[in-house]
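Please look through the sequence and the model shown here before reading on. The paragraphs after it go from the whole chain to single residues.

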Amino acid sequence: MTTKPTPDEVATAYDVWSEVYDTQTNATRDLDATILQSQDPSLFRGDVLEIGCGTGKNTEWLAPRARSLVALDASEKMLDRARERTGVQHVQFFLHDLRKPWPVEEASRDTVTCNLVLEHIEDLSFVFSEAKRVLRPGGRLFICELHPYRQLQGRRAYFVNPNTGAHQSIRSYLHDVSEYLNAAVDAGLVLIQARDCRDEGEPRTAVPRLLSLLWRS
């Protein structure tokens with residue numbers, strides 16, 4: 001049993017965003033789902049941990065494919081939306097601050113997936129060390145995040161606040177590609193795939209929207 005976290009400014013913003021997250025236009029959200037679903041299907045057939053599940057856009061896709069699925073998020077209202085998804089009755093949802101030790105046993109997961117989360121977490125080393133702790137030998141960590149090059153252009157997660165109509169940005173931290181790589185190496189993970197992901201039809205000269213990385217424990 002975990003203690004209910006006190007919402008910080010990021011979780012509070014996502015509570016508000018939950019009302020319109022699935023309906024407002026969001027190319028980053030949509031590309032992330034496409035990238036996740038393009039992975040080798042075997043990646044998600046075992047015991048899966050999804051950190052930062054949000055409204056369950058990926059949870060709903062993962063649930064029928066995984067042997068078991070645990071989903072964590074720091075926003076209570078995002079989790080409320082996720083629990084309403086089709087086919088997620090067997091998913092274990094937990095309200096949890098991802099910067100605190102995860103409510104998952106050591107060496108109990110075949111895959112950890114983390115999507116559009118890490119720009120909101122300052123200390124990447126903790127996330128990677130927790131992923132290493134909960135993964136079985138040979139397990140995989142998959143992340144898909146806003147590309148650092150895009151962050152350097154000043155891009156960050158934002159939404160149109162349904163209460164005020166104003167654009168609301170969410171606190172973010174700039175992480176270079178090297179930060180991801182070094183945090184994973186320090187945790188004892190081995191990189192097996194990296195992709196720079198652009199919107200469909202964009203030229204190679206366009207700044208990628210997302211960065212996806214896959215590691216083995």
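What follows is a walk through the chain, its overall form first and some of its details afterwards.

This is a predicted model, in which local features need pLDDT of at least 70 and side-chain atom pairs count only at pLDDT 80 or more, while totals for chains, interfaces and linings use all residues. Residues are numbered from 1 along each chain as its sequence is written, and side-chain values use heavy atoms, with hydrogens and water left out.

The chain has 7 helices and 9 strands; these are DSSP runs numbered from the N terminus, of at least four residues for helices (H or I) and at least two for strands (E). Its C-alpha trace spans about 45 × 40 × 30 Å along the principal axes. For 217 residues a compact globule would have a radius of gyration near 17 Å, and the 16 Å of the chain agrees with this; the radius is taken over C-alpha atoms, and the globule rule is 2.2 Å times the number of residues to the power 0.38.

Of the 217 residues, 53% count as buried, where buried means under 20% relative accessible area, exposed means over 50%, and partly exposed lies in between (1.4 Å probe, protein chains only). Contacts, meaning heavy atoms within 4.5 Å, also describe the fold: among those between residues at least 6 apart in sequence, 70% join residues at least 24 apart.

Helix H2 (residues 27-37) shows this packing in detail, with buried residues that include Leu-31, Ile-35 and Leu-36, and also Arg-29 and Asp-32. The buried residues of H2 pack against helix H3 (59-62) and against strands E4, E5 (135-146), E8 (190-197) and E9 (210-216). At the N-terminal end of H2, Asn-26 acts as a cap, with a side-chain oxygen 3.1 Å from the backbone nitrogen of Thr-28; a polar contact of this kind is a pair of N or O atoms within 3.5 Å, and within protein one must be able to donate a hydrogen and the other to accept it, while residues adjacent in sequence count only if both atoms are side-chain atoms.

The loop between strand E3 (92-95) and strand E4 (109-115) holds Asp-97, which is buried at a relative accessible area of 15% and whose side chain reaches the backbone nitrogen of Arg-99 at 2.9 Å. Ala-107 lies in the loop between E3 and E4 and is partly exposed at 36%; its phi is near 50°, a positive value in a residue other than glycine.
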